[in-house]
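Got the model open? Let's take a walk along one helix and look at what surrounds it.

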Amino acid sequence: SYHDYGASQFSDMSGNNGDSEWLEISNNQMYIPTAEDIGRKLKLEVGAYSIETGELLMHRVVKTELVLTRAPDPSKRNLVTAKTSGPRGGERFRIVTYNILAEIYATQQQYPYCDLWALSWDFRFQNILREILDACPDVICLQEVQADHYETHVYNALSDTGFEGVYKQKTRASMGLAGKVDGCALFWRRNKFHLVESYSIEFNELAQRQATQVLGMNPRSEECMAYLNRLSKDNVAQLVVLELAQPALTSRSNRDPINQVCIANTHLYSNKDFPDVKLWQSWQLLQELETFVMSRGTNLPLMISGDFNSTPDTAVYDLLSRQAVHPGHPDVNMNNNDDSTPSILPDAMSISHSFQLGSVYNTVIGKEPHVTNYTAQFKGVLDYMWYSVQNLRPLSAAPIPETQVLTKHGEALPSTQYSSDHIMLISDMQIMGGSSLRHNGT
């Protein structure tokens, strides 16, 4: 189906089968389609002739599908300003997080309502790139970035527009061919930040360490095998410390300016039947970040962004927002009635952290978005941007477009206009002055 852009009105220019009348438009070695070609098919004929005799040695004909217009621009994402007030802070930066839907998952079986051509990576990448650049970010957290596409498309395109970046692919082997595995990518604007430190976290490795070193399991025991089998889902996280390229100067209102920020980017396990694994991954990520941040002084601003594959009613959300999990939460009591599921979580009272984190969208808009993932099978919030409340302040956030906007070019995402099944989150953040915000004796 043509679905869009009026392509079908041109599909039979000749009034019969559309294939009997061809108009020659060029005989050059190269041809670049123009606006006049939209809705028409192109036929390329190539002949190879003998230099000596002029005899035709080979003849090939290739016909294209209909030439399409450029996809409609994504709807303008206006930022809503936070109503919070407080001391004037330091430097500001804009951050986005976006699950861009890796090609290996963008199949017709998964998204039958989306035209096949609109699922192609080359088409989607141009839309996604345009959408990211239109947001004018300083920091970009991406999930589901395919390893080969990071090399061939993503890094080069963003590098050319002023960004530097790092990539971490999932732990598992690629799906058949080299590079056919997704991962996380984190970029920063070169004239805004310099990279100080960069680390990656593999949850498989943390599970191994937890089993043998913390819990003292025998690596060859059935108990250990079941524990690792439950937890080894190949997910990863990235961690960078960025320093302002032009550090803030000491002023009367900001006597101890903070010039660094720690950014974490992650994509947690997707299976809805494994909330215990997602909670374990979140807890371990927070443990790792605690160790990291505390060792660098307690006043390092922190943002944790990504696709947490967890709705606001989950224990993952509770842990991030409340520093703890209620012992009666269903996600903590997965194996009470099921002996076949190994217990991977410690006592609920032990699942905690010391960060005071706020959700950017909840703080700015007063609630989480209505959706961040919109498919035929699932519509809900899975993506978040969390920040350390004592030294970062969200100034604004871009609301998620309304349902009628998201479904203008298709029943769900991805569509011809929105090239991922997730919607990008956008926020302006401000680093708060160090001396005025120290608390608890730190």
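Helix α3 has a kink of about 35°, centred on V154. Keep in mind that you're looking at a predicted model. The helix runs over residues 147-160, which makes 14 residues. From its first C-alpha to its last, α3 reaches 19 Å, close to the 20 Å expected at 1.5 Å a residue. Just after α3 comes G162, which takes a positive phi of about 105°.

Now for the side of α3 that is tucked away. V154, where the kink is centred, is one of the buried residues of the helix. The others are A147, D148, H149, Y150, H153, A157, L158 and S159. As a reminder, an α-helix has 3.6 residues a turn, so residues three or four places apart point the same way. What do the buried residues of α3 pack against? They meet α2 (121-134) plus three strands: β5 (139-146), β6 (163-169) and β7 (182-189).

Let's stay with α2 for a moment. The axes of α2 and α3 come within 11 Å and cross at roughly 30°. With angles under 35 degrees counting as roughly parallel, the two helices are therefore roughly parallel to each other. The crossing of α2 past α3 is right-handed. On the α2 side, the contact is made by W121, D122, F125, L129 and L133; α3 brings H149, H153, V154, A157 and L158. So V154 turns up here too, as part of the contact with α2.

Zoom out, and the protein chain comes to 9 helices and 17 strands. Of its 442 residues, 51% count as buried.

Key
Residues are numbered from 1 along each chain as its sequence is written. This is a predicted model: local features need pLDDT of at least 70, side-chain atom pairs count only at pLDDT 80 or more; totals for chains, interfaces and linings use all residues. Side-chain values use heavy atoms; hydrogens and water are left out. Helices (H or I, at least four residues) and strands (E, at least two) are DSSP runs, numbered from the N terminus. The expected span of a helix is 1.5 Å times one less than its number of residues. The bend at a residue is the angle between axes fitted to the seven residues ending there and the seven starting there. Buried means under 20% relative accessible area, exposed over 50%, partly exposed in between (1.4 Å probe, protein chains only). Contact means heavy atoms within 4.5 Å. Axes are lines fitted to C-alpha atoms, for helices over the stretch in contact, and angles run from 0 to 180 degrees between N-to-C directions. Angles under 35 degrees count as roughly parallel, over 145 as roughly antiparallel, 65 to 115 as roughly perpendicular and the rest as oblique. A crossing is left-handed if the near helix is turned anticlockwise from the far one by less than a right angle, and right-handed if clockwise.
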